[in-house]
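Okay, thanks everyone, let me get the slide up. I'll walk you through one fold today, starting with strands and ending with side chains.

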Amino acid sequence: MGADAKTAVKVEMTDAAARRIAKIISGEAGKKALRVSVEGGGCSGFSYKFDLVDTRNDDDVAIEKDGATVLIDDLSLVYMGGSVIDFVDDLMGQSFQIRNPNAVASCGCGTSFSI
């Protein structure tokens, strides 16, 4: 995927997600970003994986907002184009959620989807 294709695929993060990511990273020595990736598996076919990382890979796209950085690799970006990363704090608990317009089905846990 060339540089032009990377810029054409967009993923956004909400203010709530940015605040939460910045808070988490500030409490984790040496960590600089939240990596979001898509893996095969999960109850719907694909699942999201969240990791705190200290380095950026050559194929990563960085999304930055209010002191928070999210890294997404090229392959995961293909499945996440147009998505919005959010942080929800409600009666069911706290969690990062990804609203993915490419997903045709998802599971109740919010971390598994199919295309």
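One definition before the hairpin: when I say two strands pair, I mean that DSSP finds at least two bridges between them. And keep in mind that what you see is a predicted model.

So, the hairpin. It is formed by E4 and E5, with two residues between them. In the turn sits Asp-66, and its phi is positive, about 50°. The two strands run antiparallel, and six bridges join them.

Stay on E4 for a second, where you'll find Asp-60. Which residue is its bridge partner in E5? That's Asp-73. Is Asp-60 buried or exposed? It's buried, with a relative accessible area of 3%; the cut-off for buried is under 20%. As for what the Asp-60 side chain has around it, one of its polar atoms lies 2.7 Å from the backbone nitrogen of Asn-57.

Now the sheet. We have three strands in an open sheet, in the order E1-E6-E7, and the pairing is mixed. E1, residues 12-13, and E7 are the edge strands with a single partner each, so each has one side without a neighbour in the sheet. Between E1 and E6 the sense is parallel, over two bridges. Met-13 is the residue standing opposite Ile-85 in E6. And helix H2 packs on this sheet: it touches E1, E6 and E7, and its direction makes about 80° with that of E6.

That brings me to the core. How many residues does the largest nonpolar core have? The number is 21, and Met-13 and Ile-85 are both among those with the most contacts inside it, as are Ile-21, Val-36, Val-70, Ile-72 and Met-80. Several elements each supply at least two residues, including strand E2 (33-40), the hairpin strands E4 and E5, and helix H3 (74-80). The largest share, four residues, comes from H2.

Take Ile-21 as a way into that core. Skipping neighbours within four places in sequence, the contacts of Ile-21 are Met-13, Leu-34, Ala-68, Thr-69, Val-70 and Phe-96.

Next to Ile-21 in the numbering is Arg-20, also in H2. Arg-20 has 25% relative accessibility, so this one counts as partly exposed. Leaving out residues up to four places away, Arg-20 touches Phe-87, Gln-94 and Phe-96. Arg-20 and Phe-96 are 76 residues apart in sequence, yet 9.1 Å apart in space, C-alpha to C-alpha.

Last topic, the rings. For those who don't stare at these every day, a pair of aromatic rings is described by the distance of the centres and the angle of the planes. Searching the whole structure turns up three aromatic pairs. In one of them, Phe-46 and Tyr-79 have ring centres 4.8 Å apart and planes at 40°, so we call the pair tilted. Phe-46 is in strand E3 and Tyr-79 in helix H3, so this pair ties together parts that are 33 residues apart in sequence. What about exposure? Phe-46, at 21% relative accessibility, counts as partly exposed, and Tyr-79, at 25%, counts as partly exposed too.

Then there's a cluster, where ring pairs link Phe-50, Phe-87 and Phe-96. You've met two of those already: Phe-87 and Phe-96 are residues that Arg-20 touches.

That's my tour. Happy to rotate the view if anyone wants another look.

Definitions and conventions:
Residues numbered from 1 in each chain as written. Predicted model: local features only at pLDDT ≥ 70, side-chain atom pairs only at ≥ 80, totals over all residues. Heavy atoms only, no water. Core = buried A, V, L, I, M, F, W, Y, C linked by side-chain atoms within 4.5 Å. Buried < 20%, exposed > 50% of the residue type's maximum accessible area, 1.4 Å probe, protein only. Contact = heavy atoms within 4.5 Å. Phe/Tyr/Trp six-rings, centres within 6.5 Å; stacked < 30°, edge-to-face > 60°. Polar contact = N/O pair within 3.5 Å; in protein donor to acceptor, adjacent residues only side chain to side chain. Axes fitted to C-alpha atoms, helices over the stretch in contact; angles between N-to-C directions.
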